[in-house]
Amino acid sequence: MRNAVGERVRESRALFATLVARLERRARRDLLIRGAATGSFVGLLPAVVVSLLAGSVPLHFAALLLAAGLAAAGCAAGLVAALLRRVDRRHLLIQADRVLGSRELTSTALELVDSDASGVFTEAVIEDAAQLLVRTAPRRILGRLRVPLAPFAALAALLAAAGLLFPVNLRALFPRRVDSSSELAQIGEDLRNRGLRLAEEARTRDLGRSLELSQQLARLGNDLAARRIQPGDALDRMSELEAGLAEEYQLRLQEAQPAASSGLAGSGATSRGTSTGMPGDNTGKTGEAGQGSEGSSDAKSALGDAKSALGDALDRLRHARRQLEGQGYGDRAQAQSPSRPRRQRSPSGAQPGSHGLPPGQGETGQSAQRGQDPGSTPGGTGEGAAIDQQGARDPGSGIGTLPAPVKRGEPTTIVEGGRGPGLQAQGNPSEGDSTRLLARALPEWTGARLPEATILNSYSRQAESALARDEVPLKLKESVKEYFTVIGMSK
Amino acid sequence: MDVREQAAWASGAVRALREEIGRTIVGHEEVVHDVLVCLFCGGHALLEGVPGLGKTTLIKCLGQVLDLVTSRIQFTPDLMPADIIGTNVLVPEETQAAGAGAETRRFVRFQKGPVFANIVLADEINRATPKTQSALLEAMQEQTVTVGGTTYPLDPPFIVLATQNPIEMEGTYPLPEAQLDRFFFKLALGYPSAEEISSIIDRTTAGQQGPLSRILDGEGIRRIKGLVREVPLAAHVREFAIRLALATRPGTDAAADLVSRFVRYGASPRGPQSLVLAAKANALFDGRLNAGFDDVRAMARQALRHRVLLNFEGEAEGITAEQVIDDVLSHTPATGAAAFRGED
C-alpha cells in the first residue's frame, strides 16, 4: 500500500516536471522567434541603407552580400540574445496561475517540487497542478505569439531587396542643393556692372537695341544681387537675354565688318577672320576685325567698341549661366520649363566667340576642335583654338582665309587632347558660305603663317584691354605685361 | 482519511458552523467567518461596533456550537486584574478530630477567574483601566496565567473576543498598542440592513428559539487548527504579504502616498504573521489546498487595520485605517515583475 502511494507520488511529480519543461520549451521557442524578428529588423535597417546607397555610391564590396550579411548578423544576434535570456519556471507558472485563475496552485506546486517538501497537502497540490497543466494548452498560458516587429522586418527586407534589384540613384532623385546665395549675388553684381557698362557704351553709340538689352541685363543682375529671383527664373531670363545679345552682337559685327575689311584692304593686311590667342583671355572673343589694321576710322572703332562690349556682356552672361547650371539649377530649371532651349544659337548658325560649343568643349579649352587648316591661329601659344572660318572669298588675305571644304551646318569634329583655356578665332558669318571649323591650336604642326608685325600691335591692345579687367588676377597681369615686354624687346 | 477528504471535512465543518450560527445571528456573515478564522488560527479578535449589534450573542452562539466553556467579563473602570485572572484566597479547612477539640486550619487556594475558559468575552474592554487590560496580556500571548509565582495554563482552545464601543469615548481607556498588536484580527461590525433587522425582529419577538446544535468539539477544533498550518503557501505569496505589511510603514520606499502622509506607525511583524496564517485558513475554508494572493488580500483589512496607527493629521482629516490599507492594496502589485512576460 505504501509502495503504491509512493509510486503515485513519484508519477505526479514526474508528470508535473514534464509539463513544466514543455511549457518552458514553448516559452523559449517564442523568445527565439521574437529575438530573431527583432534582430532581423535591426540588421535589415542598415541593409536597407546599403541597398539604397548601392545605386548612388560606388561601394568597394558586394552590396547584396553586405545587406544579406547584415540581416543575418542581426538575426543571429537576436537569437543569441534570446538564448541568453533566462526563462524562469517560477515566473512561467505565476503567469499560468494568473491566466488560469488557479490561485497560485501551479506556482505553489513548483515550489513544493523544487524544495522536495513533504507536507499534508504537498502531493495533493502537485497532483492537482499537474492535472491542471495537462488540461491546459501551453499557448493559453503563454498567450498568442506576437511579433510586433515582424511586419516591419518584412518591409525592411522588401525595401532592401528592391533597392538591390532596382538601384536608385539618390543623387538623381534628390539633387544637391547648394546654398550659393552669396555666389548668386556675386554673379548678379557682375552682370549688373556689365549691363551698366554696356548701357553706357550703347548710350554713347546711340544703339537703341543694345541699350535696351543692357538695361535688361542690369536689371537681371540687380534681381540676382538682391536675391529677388529664383535661379531657375534667372536662367530663363538669361537665355532670352543671351539670344538677344547674340543677335545684337551679330548685327554689330556685320556693321563693323565692312569697315574693318576696308581698313584692312587699304593697309594690305590680311585676316578677315583674325584670331586672338591671348593667354588668359579665355573668353576667346575675337573677330575684332579691323583691330589689326592701323589707322581705322572712328566709325569703325565705335562699332568695334560697341560690339566688344556686347560680346563681353554676352560672355559674362553665359559664364554666369554655366555657373548656375553647374550648381544644379539648370536641370531643375529645364525640368520646370522643358520648352526652353538648352542653348540658343545665333541666327547665323554660328555663335560669336565659339559660343556654339557645348559647355566644357572648346570654350574651356578642355578640348580643341580641329578644322582642315587651323593655321590661322598665329597666337597659338594657347593650348586650344576654335576657328570660325568664313568662306574662301578672300584669297588675298592668305592668312586665316581658307577654302570651305565643309558645308554649312555639318557637324564639327571634336579632337580630344587640348589643354588649358580655349582660344577662338571668329570669322564673319555674313560673308559667303562659311563653316565653323574647329582646330587644334598647334601652329608648329600646321605651319600656319602670319606676319608678326601685323598682329603684334593688335595683340598688345587686346592684352591691354584684357589687363584692364578687374577679374584678371594681378599675378597674371604681370605675366602678360612681361610677355609682351619681352616680345617687344626681342623684336 | 485522504488529505482531500480532510480538507473537505474541514471546509464542511466551518460551513456548518457558519450556518448554525447564522440561525441566531442575522447578517454579519463575514464577521462570523473572521471569528472562525481567528479561532482556528489560535488568535484573538477585537470586535468594534456600536451597542446592540449582537456581539455578545455571537460569542454565546460560538460557545454553543463548539461545545466550549465560555465566560463573559464586563469591563468597567473599577474592574481589577484579579477579577479577571483570579486570586489566591484563604480557605478554612477543619481537622479530622471532631468535637470540642477540633481545630480549624486555613490555607491559600487559587480561585480561577473568568479568564479560565475556552472562549472569553471581554465586553467593552476599553472601559477598564490599562492595568486591568494588561492582565489579559499574558493570557492572550502565552495562554497561561501567573498568580503569586505560580503559572496556570489555560485549556486550549483559548480565544479572547473583546468588544469596544467606538462612540462612547468618555471614561474609556484606549487599548495600548502592545495589547492591540496581540489581537489577531480587529473586526468591525456594521449596522444591519432593513431586511436583516426585520429578520432579527422576527426571530427575537416570536416564539422561543431552540438551542443551537453542537457542530465541533475540542478535538475537531484541534484537527482543523493543524490542517490550517499545513496549507502550503508559495514564497511569492508570502513575499506579497510581507510587502503589504512593509507598505504600511511610513518612510519606506514601498509606502503609499496615504501612508506617508497620515500614518504614524505601520504594521509590526505580527501583521504579516497574522496575514499569512489567516490566508491559509481562508483557503482551507474555501476548500482549497493552497493559499494565494486573493486569500492574503481578503484578510488584509482584518489583520492590519489595528496595526496601522494614524498620526494627528490623519485623525484630523478623518482618515481611517481601512482607507490606508485599501490604498496599500491598490499600490502593491501581487506578482510585480515576477510573472513571465515574453514580450519583455
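**Entry 1: α1 and α2 of chain B**

I began with the packing of helix α1 of chain B against helix α2 (residues 29–41) of chain B, and I found that the two pack at an angle of about 130°, with their axes 10 Å apart. I keep in mind throughout that this is a predicted model. At that angle α1(B) and α2(B) are therefore oblique to each other, the range from 65 to 115 being reserved for roughly perpendicular pairs and angles over 145 for roughly antiparallel ones. I noted the hand as well: α1(B) passes α2(B) in a right-handed crossing.

I then listed who meets whom, and on the α1(B) side I found B:Val14, B:Leu17, B:Arg18, B:Ile21 and B:Gly22, which meet B:Glu29, B:Val32, B:His33 and B:Leu36 in α2(B). Sorted by character, the residues of this contact come to five nonpolar, two polar and two charged.

**Entry 2: α1 and α9 of chain B**

I stayed with α1(B), which spans residues 3–22, and turned to helix α9 (residues 218–230) of chain B; the two axes come within 10 Å and cross at roughly 120°. This pair, α1(B) and α9(B), is therefore oblique too, but here α1(B) passes its partner α9(B) in a left-handed crossing.

Which residues make the contact between α1(B) and α9(B)? From α1(B) I wrote down B:Gln6, B:Ala7, B:Ala10 and B:Ala13, and from α9(B) B:Gly220, B:Ile224 and B:Leu227. The residues of this contact divide into five nonpolar and two polar, with no charged residue.

**Entry 3: the side of chain B that touches chain A**

I next looked up where the two chains meet, and I found 22 residues of chain B in contact with 26 residues of chain A. On the chain B side, α1, α9, α10 (235–247) and α13 (293–304) each supply at least two residues, so that the two helices of the previous entry return here. Which of the elements gives the largest share of this side? I found that α10(B) does, with three residues. The side of chain B that touches chain A divides into twelve nonpolar, five polar and five charged residues.

**Entry 4: a hairpin and a cis bond in chain B**

I moved on to strand β6 (residues 144–147) of chain B, which runs antiparallel to strand β7 (residues 150–153) of chain B and is joined to β7(B) by four bridges. Within the pair, I saw that B:Thr146 stands opposite B:Thr151 of β7(B). The hairpin has two residues between the strands, and B:Gly148 takes a positive phi near 60° in this hairpin.

Further along, I checked the peptide bond from B:Pro156 to B:Pro157 and found it cis, with omega near -10°. I placed B:Pro157 in the loop between β7 and β8 (159–164) of chain B.

**Entry 5: positive phi outside glycine**

I kept in mind that most residues other than glycine have a negative phi, and that most peptide bonds are trans. With that in view I noted A:Arg103, whose phi is near 55°, a positive value in a residue that is not glycine. A:Arg103 lies in the loop between α3 (89–100) and α4 (105–115) of chain A. Is A:Arg103 buried, partly exposed or exposed? I counted A:Arg103 as partly exposed, because it has 19 C-beta neighbours inside 10 Å, and a buried residue needs 20 or more.

In chain B I noted B:Glu124, which has a positive phi of about 50° although it is not a glycine. Its place is the loop between β5 (119–123) and α5 (130–133) of chain B. With 18 C-beta neighbours inside 10 Å, B:Glu124 therefore counts as partly exposed.

**Entry 6: B:Leu46**

I looked up B:Leu46, which sits in strand β1 (residues 45–48) of chain B. B:Leu46 counts as buried because it has 25 C-beta neighbours inside 10 Å. Leaving aside its neighbours within four places in sequence, I found B:Leu46 in contact with B:Ala162, B:Gln164, B:Phe183, B:Lys186 and B:His306. For one of these, B:Gln164, I also noted the C-alpha separation from B:Leu46, which is 7.5 Å, although the two residues are 118 residues apart along the chain.

**Entry 7: chain A as a whole**

I closed with chain A, whose secondary structure comes to 16 helices and five strands. Of its 491 residues, 45% count as buried. Among the contacts in chain A with a separation of 6 or more, I found that residues 24 or more positions apart account for 81%.

Conventions
Residues are numbered from 1 along each chain as its sequence is written. Chains are lettered from A and ligands numbered from 1 in the order in which they are written. This is a predicted model: local features need pLDDT of at least 70, side-chain atom pairs count only at pLDDT 80 or more; totals for chains, interfaces and linings use all residues. Axes are lines fitted to C-alpha atoms, for helices over the stretch in contact, and angles run from 0 to 180 degrees between N-to-C directions. Angles under 35 degrees count as roughly parallel, over 145 as roughly antiparallel, 65 to 115 as roughly perpendicular and the rest as oblique. A crossing is left-handed if the near helix is turned anticlockwise from the far one by less than a right angle, and right-handed if clockwise. Two residues are in contact if their C-beta atoms, placed from the backbone, lie within 7 Å. Ala, Val, Leu, Ile, Met, Phe, Trp, Tyr, Cys and Pro count as nonpolar, Asp, Glu, Lys and Arg as charged, and the others, Gly among them, as polar. Two strands pair if DSSP finds at least two bridges between them. A residue is buried if 20 or more other C-beta atoms lie within 10 Å of its own, exposed if 12 or fewer, and partly exposed in between; C-beta atoms are placed from the backbone.
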